[in-house]
Amino acid sequence: DNSKGIAVTSTPLQNDKLFEVEIMEMNSEWSGSLSIGVTALPMDQVISVNKAKKLPGQSFVLTSSDDLTVLYIGGQKMGPLPADINLLALNVGDTVGLLRQSSGALHFFLNGVHMVKLPLTL
């Protein structure tokens, strides 16, 4: 069931360095949502969650579905983001990225362009 996949790395984000993921391939037969996020949870707790937006604790996830992008913090829906942030509009070759400043502030990027400073620290 590909509607419940989470790809993770145990490599921590480096302060003041942009972490980007490039979309290499798209499946035209699948539709739904796309998410990107970061968590401070131990790996064994992350892999027990079947949807990224349900990650508890010190976690945040941006997820797009139905042309609306929503921020989740600790598994709780915090509200929509600006309309120009739509992960579902991405294509092969596009990138999504996160940058954590040394202050702990998190920033979200689309195709290398700063889109929003998120209202939390990690």
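Which residues of β7 are buried on one side, and which on the other? Keep that in mind as you click through this predicted model.

Start by selecting β7, residues 105–110. Ala105, His107 and Phe109 sit on one side and Leu106, Phe108 and Leu110 on the other, and all are buried, so both faces of the strand are covered. In a regular strand the side chains alternate between the two faces of the sheet. With six of its six residues buried, β7 is largely enclosed by the rest of the structure.

Next, add β6, residues 95–100. β6 runs antiparallel to β7, and five bridges pair the two. Pick out Leu98: its bridge partner in β7 is Phe108. Then follow the hairpin round through the four residues between these strands, and stop at Gly104, which has a positive phi near 100 degrees.

Now bring up the largest nonpolar core, which has 18 residues. Those touching the most other members are Ile36, Phe60, Leu62, Leu87, Val96, Phe108 and Leu118. Strands β2, β3, β6, β7 and β8 each put in at least two residues, with β7 giving the most, three.

Zoom in on Ile36. Skipping neighbours within four places in sequence, Ile36 contacts Phe60, Val61, Leu62, Leu87, Val96, Gly97, Leu98 and Phe108.

Last stop: select β4 (68–73) and β5 (76–80), an antiparallel pair joined by four bridges. Leu71 is bridged to Gly79 in β5. Two residues lie between the strands of this hairpin, and Gly74 in the turn has a positive phi of about 60 degrees.

How values were computed:
Residues are numbered from 1 along each chain as its sequence is written. This is a predicted model: local features need pLDDT of at least 70, side-chain atom pairs count only at pLDDT 80 or more; totals for chains, interfaces and linings use all residues. Side-chain values use heavy atoms; hydrogens and water are left out. Two strands pair if DSSP finds at least two bridges between them. A nonpolar core is a set of buried Ala, Val, Leu, Ile, Met, Phe, Trp, Tyr and Cys residues joined through side-chain atoms within 4.5 Å. Buried means under 20% relative accessible area, exposed over 50%, partly exposed in between (1.4 Å probe, protein chains only). Contact means heavy atoms within 4.5 Å.
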